[in-house]
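Here is a set of exercises with worked solutions. Try each task on the model first, then read on.

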Amino acid sequence: MKVEVLEKFWIDKSRYDNAEKHYYEYLNKVSTSNNCSILVSEIAKAREHIQSSLEKIDGSTFEASSTSDILKRITSLENENKDLKQAVEKYAQLYNSIVRRIEQLENTKGSNKDEIDSDIDLFGSESEEESADQIRIREERLAKYSEKKANKAAIIAKSNVILDVKPWDDEVNLQIMEAKIRTIKLDGLLWGASKLLPVAFGIQKLTISCVVEDEQVSIDWLIEEIEKIEELVQSVDIASFNKI
């Protein structure tokens with residue numbers, strides 16, 4: 001019996017070897033697959049842990065930064081609101097003060113109007129209520145004003161006139177003609193400089209200036225007085241007339 005079994009074993013040995021080989025290969029695959037699965041799982045867990053930690057860190061940082069900014073903004077708004085309230089209160093007080101002042105002025109305006117009108121005498125007229133001292137002071141002031149007005153120098157209107165006096169011919173002595181012209185006298189008449197200017201054909205004319213007071217001396221009268229010197233004067237013309 002044993003001889004038959006041994007013979008059969010050696011005859012089927014190759015089959016047993018293949019079976020053993022397949023068995024160990026199977027065990028090796030199972031072991032390798034399990035090891036790979038465990039490693040992949042550990043790696044996935046590590047990744048999840050890292051990602052979770054990063055998310056927690058980012059979230060906490062953002063939350064802390066955002067909270068700090070919000071607090072600062074709230075504080076700033078509170079300060080601005082406080083300043084605005086103070087400014088509004090200040091302007092409200094000022095407005096109320098102005099309104100009260102206007103009301104007081106309006107109320108006192110009507111009541112004081114009659115008193116002001118009665119106290120002020122615009123025309124300086126005497127009234128029954130005036131005392132002797134008030135009348136005396138007013139009269140003294142009026143007298144001083146009248147005296148000052150009377151002593152004030154009046155403005156005298158004057159004119160500067162230049163006359164051209166032409167002789168009959170070249171034989172007329174212009175020095176004698178000028179001397180006779182200067183004999184014309186009148187209050188408000190002041191003779192000035194003179195000169196000789198050529199006219200034509202050897203004839204010269206006398207140009208003479210004078211200052212006259214407009215209210216006392218008439219230019220037309222002066223020209224007529226010069227033309228009365230008929231033996232020497234042919235004509236008289238106004239060369240220049242200016243107000244002083």
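Is aspartate 214 buried, partly exposed or exposed? Aspartate 214 has a relative accessibility of 26%, so it counts as partly exposed. The cut-offs: buried means under 20% relative accessible area, exposed over 50%, and partly exposed in between, with a 1.4 Å probe and protein chains only.

A quick word on ground rules. This is a predicted model, where local features need pLDDT of at least 70 and side-chain atom pairs count only at pLDDT 80 or more, while totals for chains, interfaces and linings use all residues. Residues are numbered from 1 along each chain as its sequence is written, and side-chain values use heavy atoms, with hydrogens and water left out.

**Exercise 1. Lay out the chain.**

Step 1: list the elements. The protein chain has five helices and four strands, in the order α-α-α-β-α-β-β-α-β from the N terminus. Helices (H or I, at least four residues) and strands (E, at least two) are DSSP runs, numbered from the N terminus.

Step 2: check burial. Of the 244 residues, 14% count as buried.

Step 3: add up the surface. The accessible surface comes to about 20,500 Å², and 56% of that belongs to carbon and sulfur atoms. These areas come from the Shrake-Rupley method with a 1.4 Å probe; for residues, only the protein chains shown count as cover.

Step 4: look at contact range. Taking contacts between residues at least 6 apart in sequence, 66% join residues at least 24 apart. Contact here means heavy atoms within 4.5 Å.

**Exercise 2. Work out the salt bridges that involve Lys180 and Lys243.**

Step 1: fix the criterion. A salt bridge is a side-chain nitrogen of Lys or Arg within 4 Å of a carboxyl oxygen of Asp or Glu. The structure holds seven of them.

Step 2: take Lys180. Its side chain meets that of Glu231 at 3.1 Å, N to O. Lys180 sits in helix α4 and Glu231 in the loop between α5 and β4, so the pair ties together parts that are 51 residues apart in sequence. Lys180 is partly exposed at 35%, and Glu231 is partly exposed at 49%.

Step 3: take Lys243. Its side chain meets that of Asp214 at 2.7 Å, N to O. Lys243 is in strand β4 and Asp214 in the loop between β3 and α5, so this pair ties together parts that are 29 residues apart in sequence. Lys243 is exposed, with a relative accessible area of 58%.

**Exercise 3. Find which sides of α4 and α5 are covered, and by what.**

Step 1: go to α4 (residues 174–182), where Leu174, Met177, Glu178 and Ile181 are buried. Seen down the helix axis, these buried residues fall within an arc of 100 degrees, so they line one face of α4. The arc is that of the directions from the helix axis to the C-beta atoms.

Step 2: name the cover. It includes β1 (158–167), β2, β3, α5 (219–227) and β4 (233–243).

Step 3: repeat for α5. Its buried residues are Ile219, Leu222, Ile223 and Ile226. They too fall within an arc of 100 degrees, so they line one face of the helix. Their cover includes β1, α4, β2, β3 and β4.

Step 4: zoom in on Val233, in strand β4. Val233 is buried, with a relative accessible area of 3%. Leaving aside neighbours within four places in sequence, its contacts include Val165, Met177 and Ile226. The C-alpha atoms of Val233 and Pro167 are separated by 4.7 Å, with their positions 66 residues apart along the chain.

**Exercise 4. Which residue in the β2–β3 hairpin takes a positive phi?**

Step 1: set up the strands. β2 and β3 run antiparallel and are joined by nine bridges; two strands pair if DSSP finds at least two bridges between them. Leu189 stands opposite Val212 in β3.

Step 2: inspect the turn. The hairpin has two residues between the strands, and Phe201 takes a positive phi near 55 degrees. Phe201 is not a glycine, and it is exposed at 81% relative accessible area.

**Exercise 5. Describe the nonpolar patch that includes Ile102.**

Step 1: Tyr91, Leu94, Ile98 and Ile102 make a nonpolar surface patch of about 420 Å². Patches are made of residues with over 30% relative accessible area and no salt bridge: like charges are joined within 9 Å, nonpolar side chains (Val, Leu, Ile, Met, Phe, Trp, Tyr) within 5 Å.

Step 2: Ile102 is found in helix α2 (residues 13–119) and is partly exposed, at 42%.
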